[in-house]
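Please open the structure in your viewer and keep the sequence panel visible. The tour below proceeds by selection, one stop after another.

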Amino acid sequence: MPANPSQPETPEPLPTSALGTTPAVDVSTAGGATPTVDVSTAEGVRAWLTAAVAEAAGLDPAGVGAHRPIAELGLGSRQLVALGADLAERTGRTLDPSLVFNHPTIAELADALFEERPARPASSDAKSTENATAQPAHAATGDDIAIVSMACRLPGGADDPEALWRLLDTAQDAISEAPTGRWDTRNLLDPDPEATGKAYTLRGGYLDGIDRFDAPFFGVSPREAAAMDPQQRLLLQTAWETLERAGIVPATLDGSSTGVYIGLYDSGYLSAASLGQLDGHVGTGSAASVASGRIAYTLGLQGPAVTVDTACSSSLVALHLAARALAAGECDLALAGGATLLVTPRAHVEFSRLRGLSPSGRCSPFSADADGVVWAEGCGLVLLKRLADARRDGDRVLAVVKGTALNQDGRSQGLSAPNGPAQKRVLRAALDAAGLRPQDIDHVEAHGTGTRLGDPIEGGALAAVFGPGRPADRPLGVGSLKSNLGHTQAAAGIAGVIKTVLALTHERMPASLHADTPTEHIAWEGSGLRLTTDAVPWPRSADRVRRAGVSAFGISGTNAHVVLEEAPLDERPARAESPDSPTALLFPLSARSLPALHGQARRLADALREHPGTPLAAVAATLAHHRTHFEHRAVLQADGHRELLTCLDELADGRPDPERTAGPRRTLPPGKVAFVFPGQGSQWTGMARDLLTRDPVFADELDRCDGALRPFTEWSVTAVLRGDTGAPSLDRVDVVQPVLFAVMVSLAAVWRARGVRPDAVVGHSQGEVAAACVAGALSLNDAAAVVALRSQALTALSGAGAMAVVALPHTEVEAKLADLDGRVSVAAVNSGRSTVIAGEVAPLEALLDELDRAQVFVRRLDVDYASHSAQVEAVRTGILDELDGVTALPTSVAWYSTVTGEAVADELEADYWYANLREPVRFAPTVARMAADGYRCFVELSPHPSLSTAVRTVGEETGHDLLAVGSLRRDAGGVPVVLPAVALDVRPAESITTAL
């Protein structure tokens, strides 16, 4: 609250018997004499003041102490103003109405009138001299503090700094009537200021929906949320947003030395709760002291957590404490700010009785039309960090806190009266802390409450500190955010900081409203001050650093001032040349619920329309790396601004296009990730061709694979993928298998580059060579030798066999093969409903015809040899000789063998790679074992998914919810179109961002 702003339209004079009617008056002395005193001297003024105050207070003049504040003798603010007016009349001099408040005792007032500064007695009533400099609580350390993020909830729909700037830049007044349903306005309003329990106006700056709170988001039970002061709820929400706006995932601060400094005072919430309502949550829910602790508890922050209540200077005091704590090394990061909500109409009712509310409902700081305070509510937080740390970490610095200072009015003209000398001292102390001169400051965001008493006192202090010696062409700009929003009380100081940082950012100081005619109680001419009644350009220049001060003064008597400086030039974010990316990007969105996810999509679409030049790569990176990933997710794929907006609109409306959007869906319980490498069959002409051109990670890894294969081949993998003239066909087994190997290993590099790293690998048939290579069990050169030499050996089997898929359990298939004398056998068990058979052509085709007549699904594979059958024994010796010396070693990435169905724990020699070709592929039992071991996400690395259905089927059969996704799709242009799907569940999803 401001210092008592009450002042009537016309000062009420004291009784004439007390004030007299001539310059000389008779006053009784202790000895009974009644001398005539001349008010042209300081002693005469003291005598006159003593008599006048004694008469007004009904005291014996002998009991009126010259060094005791006049207000303590029983005079109210209106009487003090009248006393000053009569003193001006008696002396024939024009006196500043604030004189009586700046010099609270009879002795000080008389001395000030004649500019006498005698030494003060060292008594309990003694005052420090007006020009004394209040020293900061600690010596200035020279450690600048950076503001790296801001968030707010303020009237007029200013729910974020961008919205606040729009409000300021368009000179909007956010004052309104009280929201419907907030209070019983019908029984509260009464035009009579003397009406008990009533208010003559309820106009103010209000927030919408202060009763709304997403308790589950913060892990708060409905019962506890109902007992929480809405101010605590608002602070939690704003703290979360402040961190995310800094690009910090809040969960990453758990256990960190992050401080929380909150300015807050009692809102009156549940203050009338009955004893029966005290359920164990009301105590913590209504205690202002818990507000900072609740933020720290919710986020796991272990730095200092402090709630401070100095009334309207609270949030600026909180910032001061946070900055000092950072400089002293008490924390490494700090949230600072404050909040006030008008939960009850107490402030309106009490200030109505004081006649301190603006009857017009308009806040007019420093204006001749100022008629009182307009209450408002809001919340603001900034994130602070040592500037050196912020620059080291590459943070975006919004502004720099150069210096801060606090002081107290001391024994001034009443507990709640403003005090000009104290304000001067705190201004000078902040400048000293910043190591700056008054002329270095361009603007002051004033406390400016729109009262006839407080504003002139503040204006006088500003003129006294910043005016002397100031160049005439560079006056100090003065304005107040309260002209737009009203007085947000505990949040007022931090709201002024946010406004000032926005002005620095936009290089323009917005207008202070409702002051077309500045108050006549400030001598503007020659003061060095300029009231910012119109927006003023404030450009960055090479020859002058832009700086501004922010003031806040509390009814408690605690004054605060902060000096801000523009961010260092090299910290300004670079602008991208183009808003669109030349390649497709992934945009992961998430929320606690599906409606919230739709809302996220709508807000992002609105933001992109408002800022069409935003680089999409930066948007994608922020969404993936700097946002918490909740359980309801969707991942959009777009290669331009227009396409992204279309996807966002579709998602917001609940009708996402599955071709461009994966999800929305709820994530699976957390589990380990496995890479799956299929065997032959997923190839297609043109596969990965676009990826080879557009993704340098894929291209580089493919080049490495090509180099490793070249000693064993006479052709280039790259040439085959590009379809170069003279390149061999994928129809050859000794070509397709090495090419598939290279593509799968290169896809693994792409996934890893995007932050998805496997906990295990599993391979099907020849895919097991790529799996062992990616796990690190085989070197790239050894893996290339295995896949190339073994595929060349298979050419000797061409034309002798066939393979097919049968949609039956392997046990039923084996029963049907029993009479074939081993000429056809089970080659692979993919799932409980999919079995692969291999063997001689004639009996295999006869079996397929029989199964087809029985309406069993069958499909012959496009190969002319029979892997995983007895036919492979013909090439056993050649394979073992060629691969002699190749050894696979155990690695930190688990490699599950589809030969044994278990994780590989020992070294494997060349005979394993023969067994891998000869023995049945036990894919289903291996996946079942992996599911039992905690693997939940299976990423298939192939040109087209061929095992994803089998993985999901195994999950269904074993009672596990398994996610199976692919990497590429046939004829989809070579771009990984399924990659977004894994961001729904693969952890860490934060890493999936890169252009594809």
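Against which helices do the buried residues of helix 5 pack? Before selecting them, please note that the model is predicted.

**Stop 1: helix 5**

Select residues 106–113, which form helix 5. This helix is mostly covered, with 8 of its 8 residues buried. They are Ile 106, Ala 107, Glu 108, Leu 109, Ala 110, Asp 111, Ala 112 and Leu 113. Now add helix 2 (42–57), helix 3 (77–91) and helix 4 (99–102) to the selection: the buried residues of helix 5 pack against these helices.

**Stop 2: the whole chain**

Zoom out to the full protein chain, which contains 34 helices and 27 strands. Of its 996 residues, 58% count as buried. The chain exposes about 38700 Å², of which carbon and sulfur atoms supply 49%. Among contacts between residues at least 6 apart in sequence, 77% join residues at least 24 apart.

**Stop 3: buried residues in three settings**

Select Arg 294, found in helix 11 (residues 289–299). Is this arginine buried or exposed? Arg 294 counts as buried because its relative accessibility is 8%, and the cut-off for buried is under 20%. Leaving aside neighbours within four places in sequence, display its contacts: Glu 224, Met 228, Gln 232, Leu 236, Thr 284 and Gly 285.

Move next to Ser 869, in the loop between strand 24 (858–860) and helix 30. Ser 869 is buried, with a relative accessible area of 2%. With neighbours within four places in sequence again left aside, Ser 869 is in contact with Ser 825, Ala 838 and Arg 918.

Then select Gly 599, which lies in helix 19 (residues 594–610). Gly 599 is buried as well, with a relative accessible area of 19%. Draw a C-alpha to C-alpha distance from Gly 599 to Asp 653: the two are 9.3 Å apart in space and 54 residues apart in sequence.

**Stop 4: backbone geometry**

Most residues other than glycine have a negative phi, and most peptide bonds are trans. The next selections depart from that pattern.

Select Gly 663 and Pro 664, which are joined by a cis peptide bond with omega of about 5 degrees. Pro 664 lies in strand 18 (residues 661–666).

Continue to Ala 311, where phi is positive, about 65 degrees, although the residue is not a glycine. Ala 311 is found in the loop between strand 5 (305–308) and helix 12 (314–327), and at 9% relative accessibility Ala 311 counts as buried.

His 514 also has a positive phi, near 60 degrees, and is a residue other than glycine. Look for His 514 in the loop between strand 11 (508–509) and strand 12 (529–531).

**Stop 5: salt bridges**

How many salt bridges does a search of the whole structure find? The search finds 44.

Select Glu 194 and Arg 355, a salt bridge whose closest N and O atoms are 2.7 Å apart. Glu 194 lies in the loop between helix 7 (185–188) and helix 8 (222–227), and Arg 355 in the loop between helix 13 (346–353) and strand 7 (378–386), so the pair ties together parts that are 161 residues apart in sequence. Glu 194 is partly exposed at 37% relative accessible area, and Arg 355 is partly exposed at 32%.

Next, select Arg 346 and Asp 266, whose side chains meet in a salt bridge (3.9 Å, N to O). Arg 346 is in helix 13 and Asp 266 in the loop between strand 4 (258–263) and helix 10 (282–286), 80 residues apart. Arg 346 counts as partly exposed at 45%, and Asp 266 is partly exposed at 44%.

Then select Arg 546 and Glu 566, where the closest N and O atoms of the salt bridge are 2.5 Å apart. Arg 546 is buried, and so is Glu 566. Finally, display Asp 332, Lys 385, Arg 386, Asp 389, Arg 392, Asp 393 and Asp 395, which salt bridges with shared partners join into one network.

**Stop 6: a charged surface patch**

End at the surface by selecting Asp 881, Glu 882, Asp 884, Asp 906, Glu 907, Glu 909 and Asp 911, which gather in a patch of negative charge. Within this patch, Glu 882 belongs to helix 30 (residues 876–882).

Conventions. Residues are numbered from 1 along each chain as its sequence is written. This is a predicted model: local features need pLDDT of at least 70, side-chain atom pairs count only at pLDDT 80 or more; totals for chains, interfaces and linings use all residues. Side-chain values use heavy atoms; hydrogens and water are left out. Patches are made of residues with over 30% relative accessible area and no salt bridge: like charges are joined within 9 Å, nonpolar side chains (Val, Leu, Ile, Met, Phe, Trp, Tyr) within 5 Å. Accessible areas come from the Shrake-Rupley method with a 1.4 Å probe; for residues, only the protein chains shown count as cover. A salt bridge is a side-chain nitrogen of Lys or Arg within 4 Å of a carboxyl oxygen of Asp or Glu. Lys and Arg count as positive and Asp and Glu as negative; His and the chain ends are not counted. The place of a charge is taken as NZ of Lys, CZ of Arg, CG of Asp or CD of Glu. Helices (H or I, at least four residues) and strands (E, at least two) are DSSP runs, numbered from the N terminus. Buried means under 20% relative accessible area, exposed over 50%, partly exposed in between (1.4 Å probe, protein chains only). Contact means heavy atoms within 4.5 Å.
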